[in-house]
Amino acid sequence: MRGLLSTGLCCVAALVAAQHPLINEVVPGGGGAGDWLEVYNPTARTIDLLGYTFVTLGRAHRVEVPLPVASHGYQVLWCDRRTEKGPEHLDLKLPREGGSLLLIDRDRSTVRDVFSWSALPTGVSLGRLRDGQQDWGYFTDPTPGASNSASPGARLLLPAPVPVVKEDSVTCAIPEGAWLCRTFDGRIPGPDLPRFIGMTSPDTSCVLTLRAFGPDALPSPPVSITFPRKGTGPFIGLRVDPDSLFDPQRGILVAGEKANYARTGRDWQRSAQVEWHDRDTIRREEVRLSVSGSGTRGQPKKNFKLYGEEETMLRADATPHAFLRAVFLEAVARGGAALDVQPSTPLPLYLNGGYAGLYRAMPAKNGEWLSGFSGAESIDLIDGPGARALQGDNDQHARLLGMLERGAPLDSLAQLMEVNSLLDLACFDLYSGRADHDLNTRCWRPKVQGGRWRWILFDMDLWAPPDEGTVARMCSATAPESPYLPWLLAHEELGPRLLARLSAWLAGSLATDRAATLTDSLYDAHAPQMREDHERWKESMGIPSPEASIALLRDHIHRRPALLLAQLADHTDTKLRKVTLRVVPEGGGEIAVEQLPLTDGERSFTALAGTRLQFSAHPAPGYIFFGWEGASATGTTISVDPADVKSLRAVFRQVGSSE
């Protein structure tokens, strides 16, 4: 694809009778094929690139080994920084957003060729309209290693349209000497489709796609803008050619005997444009779209994955009650859990202008996300019951499991894993009674000396009934299954730690009153979107209503803590005891249990006798900790057996108080 010189394309020293190699074609940020450049030899003799230097973005690569180019021949050089793959691979990258490239002679000073470019669409190359000649242009069909005349080029690159939305209308300036064509169904406009006359006011939800055309010009990139239902707040808009979705042979949403939704791999990713509509802004991105996840592939409402600047999951939450359970446990985990949780944003999704339901947008749980927030350059990432290494290897993971199985000392295990991360996974699996706990497991560690394993919380949708015997079920597994409950409970040190950590969660964030308050607030925030989603999918999926979901979750919250503690008491042959904690004066500080916040006033809860709990006192601003009443232990952090202490008070004093 070739374009206007005003876009930043510049060529120097491209002489017809040049007696040196020339840059003939370039793909900066060229999508799936990678960055590359093509060198052309315009002479009647072979030229060796040995000693020539390529420079871009202040980075230089000098060819250090013979690399001959035959007379009137071509040499493709890959700008992938993979020099170990051979002399055709340069330690350079060519940015699609703009840059320049120089070819410097063996004398290290004479510039033999140079050109610059501005931002380019993916897959578009810059090249000489005729090999070795002065005139440059744009190609939509790059020709690496072949004559540029084999691909039609154009001198102009039309800029992408810039639609402006005001109230219920959209306007768009039309480039001089060009015209805009439009569609309303997600298809990319062609030059013969109806023209956009400058303004339109859609009266139903749709996606408007605009594209500019002109003489001796390559069409502009298409730009889409989604118009949702009236009254919609922030939302996601996806524009995909309908054939990519429903074509009988290649559509990723085809149903019936020719269903393609279970296909995976790059061949089953489709080009799309995503719009992220906030209240006042729109962010657009070109992405590849695929159907994702195993549980929803066979459902009418499917998960999607977007491959763009970052991998993003659009989670459908298509199983019964999944949405409310997911946002509830995500909120609880963010209150102090040592687990890694993908942040999710519930948003309506519009696919080619049609409402597709309520989705949660979240980063993919991959190495890029983990490296991003941890700062680790390299990681080991392990997935599933087979401990498959998605990144790195599973050697250290296998070592950890071996040590857990044989009951290695806690200090040795703590060198390999963040103990509370695994314990919190077990706590959440026990609380929910997650039916697929053994399948949905993923852990990772920074691949450095002393890097420790952490677990990721995800797919917490398949809960067991509140009275299900989860402890017995998980402990009866014949093969090692995450969260390795039999090993944890049998361990001399980890067993009490797990029971104490679970008691702390059930006393705080997962206590009936607090969990109910959180659930009600989440339901109030999302109920309108949940009802709209239910209306969209109830006929084709038979999903329960939002009212049924909140009722079931409230029942679980009310009944599960006592039933779960009773199961653990029976399994460990211990008694349950009630403990009351009080802050004196109220608000003078806070008591934490097992490092989780508990109360700044008064709180009673049930715990297992014989399982020591760690309480710590944290003064509020303007207060100091004075001491504990009800236990002989001293210090801001103490360890207490519920069998010995029924009531415990943390006493604080105001700074400067004479009492």
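Reader: How do you know that the span of helix α11, residues 546–572, agrees with its number of residues?

Author: This is a predicted model, and its coordinates allow the comparison. At 1.5 Å a residue, the 27 residues of α11 should span 39 Å. The C-alpha atoms at the two ends are 38 Å apart, which agrees.

Reader: Where in α11 does a kink lie?

Author: At Arg560, shortly before the proline Pro561. The angle there is about 45°, taken between an axis fitted to the seven residues ending at Arg560 and another fitted to the seven starting there.

Reader: What is the phi of Asp573, just after α11?

Author: Asp573 has a positive phi, of about 55°.

Reader: What makes β17 and β21 edge strands?

Author: The open sheet has three strands, in the order β17-β19-β21, with antiparallel pairing. β17 (179–183) and β21 (223–227) each have a single partner strand, so one side of each lacks a neighbour in the sheet. On average, neighbouring strands here are turned by 25° against each other, if direction is ignored.

Reader: How do you know that β19 and β21 are paired?

Author: A pair needs at least two bridges. Between β19 (residues 206–213) and β21 there are five bridges, in the antiparallel sense, so the two strands count as paired. On the residue level, Cys206 has Phe227 in β21 as its bridge partner.

Reader: How many disulfides does the model have?

Author: The count is zero. A disulfide is a covalent bond between the sulfur atoms of two cysteines. To be counted, a pair of cysteine sulfur atoms must lie within 2.5 Å.

Reader: Why is Cys443 not in a disulfide?

Author: The closest cysteine sulfur to that of Cys443 belongs to Cys427 and is 17 Å away. Set against the cut-off of 2.5 Å, that is too far for a bond.

Reader: Why are Cys443 and Cys79 called buried?

Author: Buried means under 20% relative accessible area. Cys443 has 2%, so it is buried. Cys79 has 0%, so the term applies to Cys79 as well.

Reader: Which way do the residues of strand β11 point?

Author: Ser125 and Gly127 point one way, while Leu126 and Arg128 point the other way. In a regular strand the side chains alternate between the two faces of the sheet. The four residues of β11 (residues 125–128) named here are all buried.

Reader: How do you know that β11 pairs with β2 and with β12?

Author: By the bridges again. Strand β2 (residues 22–27) is joined to β11 by two bridges, so the pair meets the requirement of at least two. Strand β12 (residues 136–139) is joined to β11 by four bridges, so this pair meets the requirement too. β2 and β11 run antiparallel, as do β11 and β12. Leu126 of β11 stands opposite Val26, and Leu126 also stands opposite Tyr138 in β12.

Reader: Why is Thr122 called partly exposed?

Author: Partly exposed covers the range between buried, under 20%, and exposed, over 50%. Thr122 has a relative accessible area of 47%, so it falls in that range. Thr122 sits in the loop between β10 (111–118) and β11. The C-alpha atoms of Thr122 and Asp80 are 16 Å apart, with their positions 42 residues apart along the chain.

Reader: What makes Asn366 a buried residue?

Author: Its relative accessibility is 16%, which is under the 20% limit, so Asn366 counts as buried. Asn366 lies in the loop between β29 (354–363) and α3 (367–374). Leaving out residues up to four places away in sequence, Asn366 touches Glu311 and Leu381. Leu498, 132 residues away along the chain, has its C-alpha atom 28 Å from that of Asn366.

Reader: Why is Gly198 called buried?

Author: Gly198 has a relative accessible area of 16%, under the 20% limit, so it is buried. Gly198 is placed in the loop between β17 and β18 (199–200). Beyond four places in sequence, Gly198 touches Val170, Thr171, Cys172 and Ile174. Gly198 and Leu238 are 40 residues apart in sequence, and their C-alpha atoms are 23 Å apart.

Reader: How many of the 659 residues in the chain, as a percentage, are buried?

Author: Buried residues make up 53%. The chain has 11 helices and 41 strands, and its C-alpha atoms fill a box of roughly 95 × 60 × 60 Å along the principal axes. Among contacts with a separation of 6 or more, 62% are between residues 24 or more positions apart.

Terms used. Residues are numbered from 1 along each chain as its sequence is written. This is a predicted model: local features need pLDDT of at least 70, side-chain atom pairs count only at pLDDT 80 or more; totals for chains, interfaces and linings use all residues. Side-chain values use heavy atoms; hydrogens and water are left out. The expected span of a helix is 1.5 Å times one less than its number of residues. Axes are lines fitted to C-alpha atoms, for helices over the stretch in contact, and angles run from 0 to 180 degrees between N-to-C directions. Buried means under 20% relative accessible area, exposed over 50%, partly exposed in between (1.4 Å probe, protein chains only). Contact means heavy atoms within 4.5 Å.
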